[in-house]
Amino acid sequence: MKKIFLQIGATRDGQNPYCAVAKREGYFTVLAEMSDFIDYQSLSLSLPFDLIVRLDRPENPWDVLQAYLHAGMLEHPQVVLAGFEAYNTSAGRVREMLAGPDAGPCFIPPDKYAQRMALHKISPHLPQPAFRFFASPLSIRDAREALLYPCVIKPVDGGGGLGVWLVEAAHQLDNVISKLQETVNYGGRGFTGFIVESWLNGDEYSLQGVVSNGQAVALTCCQKVIERQTTEEGCISFCESGHVAMAATQLPPAYARLMHLCCNTFGYRQGAFHIDFIMVNGNAWFLEMGFRLSGMGIVNLVEEVTGLNWAEIAFHIEAGQGMPALHLPPQRQAVGHLRLRQPRQQEAAARWIAAQQRGELLAPLSLPALDVAPRSSLHADLTRHAGILTTFSLAAASREEVLAIFHQVLDVPSLASRRDLLCAG
């Protein structure tokens, strides 16, 4: 019997780390994805899978299995993983159906609201933004007078920053609600609900790690570079433009406690994860947990910093091989990747590299810009993942140095320069 790896959903950053590992391990590799997205990504990328199964709704586990069988795959896959956040729940349900009723409950990733509620119930004093659930954009608008401003609105089942808006005052709400009504989820489907949470002013971080048999290990800790984008109507959204990573050799106790609490509370016992949080006045405030590899090329960033293949470790765990012996290196340089979307940013990075003889510009997955209808199955992908001109890669002795240079390139004052301005004033 041949070994089969089934990946539900293609990665949006053009990386296929699970597929590469599976091929080295002798698996027959299968990708299940929307026809529209396969055709779109194939314009720029040759997908490396042995078989590509086309279907309309990869988020539906029944449709995935039916398409898999119709493609002539009569043997069950040994490893089933999601290549993209939108299909993580589908992958969990497929694993559950393949395991059968006697295997016990399988892990099904909770959405953002379920995560918040579970943590609040288990640990009510864990810092997290005050939040409320709403079923629709119109129900948010109806609660205009009850909301606390500034606040952030985000879908409970979105990804990649899709549908996330900052509302600084009540008069901005109508325009944001109009935007949400026009926004569709990946694949052209609707959102299942929304969180409205208090906005926090702090630095955002993310832990990348793996868990095996309930034992969680962090590999890296990234500080995020977040850009604000303002529409013509004055609506403010966020773009996660970059990450600066350091090996989690000496993980601060607060970070380690948050990691273990999340894995234990959600019952996540095996696989890759990343945990997003924001530091406010020295405290780590929980934002959300992803039960998968991070996108946006962070798999490469983890390897640059630690020398460890995050996808390979996670794949072996999912294949039942358990946690390998992990040896994080002594703290090396910080490494950052910054995605640039504007020509002036690309030019600024090129000038800096030429002057300093450090860093490099990496060629991105060049996804073409297409004109599609707002309800198209590709609209969300074109909104969030296309248009990157290049990635600025830089290593330095400290995270602060990389961040300061990135902010300089983005033409956004860095934290250090803001301190200088304050001191000068």
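**Buried cysteines and paired rings**

Me: In this predicted model, why is tyrosine 255 called buried?
Reply: Its relative accessibility is 11%, and buried means under 20%, so tyrosine 255 counts as buried.

Me: What makes the rings of tyrosine 205 and tyrosine 255 a tilted pair?
Reply: The centres are 6.2 Å apart, which is within the 6.5 Å needed for pairing. The planes sit at 45 degrees, neither under 30 nor over 60, so the pair is tilted.

Me: Which parts does that pair tie together?
Reply: Tyrosine 205 is in strand E9 (residues 203-212) and tyrosine 255 is in helix H8 (residues 253-266), so the pair links parts that are 50 residues apart in sequence. Tyrosine 205 is buried too, at 7% relative accessible area.

Me: Why is the pair of phenylalanine 191 and phenylalanine 194 called edge-to-face?
Reply: Their planes are at 65 degrees, and over 60 counts as edge-to-face. With the centres 5.7 Å apart, the rings are within the 6.5 Å limit, so they do pair up.

Me: How do you know that cysteine 151 is in no disulfide?
Reply: By the 2.5 Å rule, the count comes to 0 disulfides. For cysteine 151, the nearest cysteine sulfur is that of cysteine 235, 12 Å away. As for its surroundings, cysteine 151 has 1% relative accessibility, so it counts as buried.

Me: What makes arginine 12 count as sitting over the ring of phenylalanine 37?
Reply: Its charged end is 3.7 Å from the ring centre, and the distance cut-off is within 6 Å.

Conventions:
Residues numbered from 1 in each chain as written. Predicted model: local features only at pLDDT ≥ 70, side-chain atom pairs only at ≥ 80, totals over all residues. Heavy atoms only, no water. Buried < 20%, exposed > 50% of the residue type's maximum accessible area, 1.4 Å probe, protein only. Phe/Tyr/Trp six-rings, centres within 6.5 Å; stacked < 30°, edge-to-face > 60°. Helix = DSSP H or I, 4+ residues; strand = E, 2+ residues; numbered from the N terminus. Lys NZ or Arg CZ within 6 Å of the ring centre and 35° of its normal.
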